[in-house]
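Okay, thanks for squeezing me in. Let me put the model up, and then I'll walk you through a few spots.

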Amino acid sequence: MKVLVVGGCGYIGSRLIPYLSQWHSVTNYDLMHGEDVRNTPLFRKFCADKDVVIYLASLSNNDMCNRSPELAMSINQYAFAGVLQAVKECSVGRFIYASSVAAYGDRDNAEETCELKPTTKYGEGKAYCERSLTAEIPYIVTRCASVCGYSPRMRYDLMVNKMTRDAMKGVITVNGGAQVRSHIHINDVCRLYRYLLDAKGVEYEAFNVVSENMKVMDTAIRVARTVGDAHIDMKPSTDNRSYSVSGEKAQKMLGFKPLYTVSDAIVENYLNFYQ
C-alpha cells in the first residue's frame, strides 16, 4: 500500500513513518523538507498515486496558536480546502485526519457523538477541519488524547513528557491539579494508524484514541514516584480546562485496545533523557 504521511517530521510522524514502513511504502510530506500544505499544486503531485493519506500537519501547540493566530489559521484551517480538493482529484482511497480531543472542549467522558465545542484556537482548527470533511472523500477522523512517550522529535509541551523532564531536574510544577486530562502512548497511536489503513466498514467515522483519563495531580504523583526524588510544587491554576474521553468505540468497532500506559511513557522518557 502507498501511504502519504503529511507532517511526518513531527513528534508523531517521526515514529509513525518508520513503524508503517515495515509493511507499506510510505512517503513523507513536511514543511521541514520545503513541502507546505498551503502549496496545493505541490501537494497534489504527492497525492497522485497514493492509496491512503494520513494528515498529521498542524501548528500543534496552544501557546504557538495564541502567539501566531494568523499563521495558525493559515495552516490549521485555510489550507485544508486545497488539501481536500487535491485528495479528491487524485482519487485517494482513504483520508485519515488527525484531529484531537481538544475539539470537544471541556467534557466528561466525551464520546464521538458529542458536539464539538472547542475552547482553544488549536481545538477550533481541528473542529473546523472536521466540519469541512464531506462524503465526497472516504475519510476517518482520529481524536487523539494528549500523546506521551519518546520520539526523535520530542515535544516537551505535552503534559507527561514535560513532567518527566521536570522531574529529572528535581521539581514538577503543578498548576491547580484537580483538572482531568486524557492520555495516549505514542506507540498506541502508531498501532491505531496501522489498523486504520485497511480496516473495513469504518469510512466516515471518528474514533477517540485514549488509554487513561487522570487528574493532573495524580499524573504528577505517578511521575514523581517513577522517577524518584522529585518535589511537586503546587501553584494556582493557569489552565482550568478539564476533560475526559471514552475509547469504547475504537475497541468495539476496530478491536483496538491500547497496550501502553502513562507509566510506560514515563519510563521510556526517563531512559532516553540523557541520550
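**A strand, a glutamate and two odd phi values**

So, ground rules: this is a predicted model, where local features need pLDDT of at least 70 and side-chain atom pairs count only at pLDDT 80 or more, while totals for chains, interfaces and linings use all residues. Numbering starts from 1 along each chain as its sequence is written, and side-chain values use heavy atoms, with hydrogens and water left out.

Let's start with strand β9, residues 205-209; helices (H or I, at least four residues) and strands (E, at least two) are DSSP runs, numbered from the N terminus. Is β9 buried or exposed? It's largely enclosed by the rest of the structure, because 4 of its 5 residues are buried. Buried means under 20% relative accessible area, exposed is over 50%, and partly exposed is in between, with a 1.4 Å probe and protein chains only.

β9 runs parallel to β5 (residues 139-144), and 5 bridges join them; strands pair if DSSP finds at least two bridges between them. In that pairing, arginine 143 stands opposite asparagine 208.

Now glutamate 112, in the loop between β4 and α6 (121-132). What is the nearest side chain of opposite charge to this buried residue? That's lysine 249, 5.3 Å away, and glutamate 112 has no salt bridge. For a salt bridge, we need a side-chain nitrogen of Lys or Arg within 4 Å of a carboxyl oxygen of Asp or Glu. On charges, Lys and Arg count as positive, Asp and Glu as negative, and His and the chain ends are not counted. A polar atom of the glutamate 112 side chain does lie 2.7 Å from the backbone nitrogen of asparagine 208. Glutamate 112 is also in contact (heavy atoms within 4.5 Å) with residues including Arg143, Phe207 and Ser246.

Next, the odd torsions. Most residues other than glycine have a negative phi. Serine 91, though, has a positive phi of about 55 degrees. Serine 91 sits in the loop between α5 (80-89) and β4 (94-100), and is exposed at 60% relative accessible area. Tyrosine 204 has a positive phi too, near 65 degrees. You'll find tyrosine 204 in the loop between α8 (186-198) and β9, partly exposed at 39%.

Last stop, the largest nonpolar core: buried Ala, Val, Leu, Ile, Met, Phe, Trp, Tyr and Cys residues joined through side-chain atoms within 4.5 Å. This one has 42 residues, and Val5, Leu16 and Tyr193 are among those touching the most other members. α8 gives the most, with 7 residues.

Key
Polar contact = N/O pair within 3.5 Å; in protein donor to acceptor, adjacent residues only side chain to side chain. Lists of a residue's contacts leave out its neighbours within four places in sequence.
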